[in-house]
Amino acid sequence: MILTERQLNRTLLLRQHLLSRVTLTPAEMIEHLVGLQAQEPLPPFIALAARLESLDPYSVSAQLESSAFVRLSSLRSTIHMHTAADAALIRAWTQPVHDYYTQRIEIVRPAAQLTGFVEAVEDVLALGALPNAALEAGLVEHFPGVPAKALGLRARNELPLVQLPPRGLWKGSGGLVYDLLPRWTGVAPVVVDDVVPTLAPEIVRRYLRAFGPATAADITTWSALTRLGPLIKRIEGLVTYRDEAGKTLYDVPDAPIATGEEYAPVRLLGVYDNLWLAHANRERITAKGTRKEWGIARSASVIIAGGHLVGLWKPVEGKVEVVKLFRDLTPDERDELAEETSRVDALLAS
């Protein structure tokens, strides 16, 4: 079966709950999406508000404070918000990505070959969480002469270090304070060597439920893990489609496929959202020419309508300010933009 570009677009929006909002809890949505982009504090909250019927941002903050949700480096070695259990799982699965960056990123290389490094980090953090500067200073004592920044970056690559509140809270602020994921959450660590043979197939299935149908290259784009083709072919029960270019698309058999005729409403999303960062073919959401606009204005948040990126917005003094529209909106879309703007304004005012 061949799926058109429009079908793939609408199917993605359907599975992302961006065709209509749902009544899931924040935890259920975060699990469904296998984490939320959280490089900046605001995008996870905007992502949830765009998908859920209602959202109390302070309840999300409370779950960050209780360690039910955590913020740490995971997919693509970027900061994501996960549930505690998913944080242990996804971070273990993406550990090869973090190892790659330790060896290949110039600023980390001075610390890349040090022996006894994990033990040193655990020793520095033995008495509890530490601000980033204190963590780096403690590591310098173990490894004199090595740049503190290199040591700190390797620590965040080598071990699952959680960014503690108040950083990342709704309308909260704070510097980087790190703790070990198992200690902060009480969730037992996942053994990295056990992930690929036993746990990776279910992670791939979860990705497909939220982002599929997809190619092996798409899953690599989402996770930054390479050589996934053989793994995916061994996963039992997957079905396959083809796109209009003839590429094989993998999927789970029980996931919905859109007709392509579904109406795609206006939604306001954050600066970062895996909606447009999880496929090798970025044009599934960002039509030709518009992605460059988002890349240039990387500090601006995203407006989607008709299934694609149509403009940029930013919060100014607690209200939505439309920065730019890439095309004229239809009358219905203009009404929807006004409604979504009011909705986000109310969130920002809360």
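Are W93 and W222 buried or exposed? Both count as buried: W93 is, and so is W222. Keep in mind that this is a predicted model. Below is a quick tour of the aromatic rings, then two helix crossings on α9, then S67 and T185.

**Aromatic rings**

- Searching the whole structure turns up 7 aromatic pairs.
- One of them is W93 with W222, where the ring centres sit 5.9 Å apart and the planes make an angle of 45°, so this pair is tilted.
- That pair ties together distant parts of the chain, with W93 in helix α5 (residues 84-93) and W222 in helix α12 (residues 216-223), 129 residues apart.
- W222 also pairs with F211, at 6.2 Å centre to centre and with 45° between the planes, which is again a tilted arrangement.
- Here the link runs from F211 in helix α11 (residues 192-211) to W222 in helix α12, 11 residues apart.
- F211 is buried, just as W222 is.
- Put the ring pairs together and you get a cluster that joins W93, Y207, F211 and W222.

**α7 against α9**

- Helix α7 (residues 117-124) and helix α9 (residues 148-158) have axes that come within 10 Å and cross at roughly 100°.
- An angle between 65 and 115 degrees counts as roughly perpendicular, so that is how α7 lies relative to α9.
- On the α7 side the contact uses F117, V118 and V121, and these meet L151, R154, A155 and E158 in α9.
- Sorted by type, the residues of this contact come out as 5 nonpolar, no polar and 2 charged.

**α8 against α9**

- Helix α8 (residues 132-142) also crosses α9, with axes that come within 8 Å and an angle of roughly 105°.
- That makes α8 roughly perpendicular to α9 as well.
- From α8, the contact takes in N132, L135, E136, L139 and V140.
- Facing them from α9 are A148, K149, L151, G152, A155 and R156.
- The mix in this contact is 6 nonpolar, 2 polar and 3 charged.
- L151 and A155 turn up in both contacts, meeting α7 residues and taking part in the contact with α8.

**S67**

- You'll find S67 in the loop between α4 (57-65) and β3 (69-73).
- Buried means under 20% relative accessible area, and S67 comes in at 10%, so it counts as buried.
- Its side chain reaches the backbone oxygen of W184 at 3.3 Å.
- Setting aside neighbours within four places in sequence, S67 is in contact with A84, W184 and T185.

**T185**

- T185 sits in helix α10 (residues 181-185).
- With a relative accessible area of 15%, T185 is buried too.
- Two backbone atoms are reached by the T185 side chain: the oxygen of L181 at 2.9 Å and the nitrogen of V187 at 3.1 Å.
- Not counting residues up to four places away in sequence, T185 touches S67, V70 and A84.
- A84 is therefore a partner of both residues in this corner, being in contact with S67 and with T185, and both of those residues are buried.
- For a sense of distance from the ring cluster, T185 and F211 are 26 residues apart in sequence and 28 Å apart in space, C-alpha to C-alpha.

Technical notes. Residues are numbered from 1 along each chain as its sequence is written. This is a predicted model: local features need pLDDT of at least 70, side-chain atom pairs count only at pLDDT 80 or more; totals for chains, interfaces and linings use all residues. Side-chain values use heavy atoms; hydrogens and water are left out. Helices (H or I, at least four residues) and strands (E, at least two) are DSSP runs, numbered from the N terminus. Buried means under 20% relative accessible area, exposed over 50%, partly exposed in between (1.4 Å probe, protein chains only). A polar contact is a pair of N or O atoms within 3.5 Å; within protein, one must be able to donate a hydrogen and the other to accept it, and residues adjacent in sequence count only if both atoms are side-chain atoms. Contact means heavy atoms within 4.5 Å. Axes are lines fitted to C-alpha atoms, for helices over the stretch in contact, and angles run from 0 to 180 degrees between N-to-C directions. Angles under 35 degrees count as roughly parallel, over 145 as roughly antiparallel, 65 to 115 as roughly perpendicular and the rest as oblique. Ala, Val, Leu, Ile, Met, Phe, Trp, Tyr, Cys and Pro count as nonpolar, Asp, Glu, Lys and Arg as charged, and the others, Gly among them, as polar. Rings of Phe, Tyr and Trp (its six-membered ring) pair if their centres lie within 6.5 Å; planes under 30 degrees apart count as stacked, over 60 as edge-to-face and the rest as tilted.
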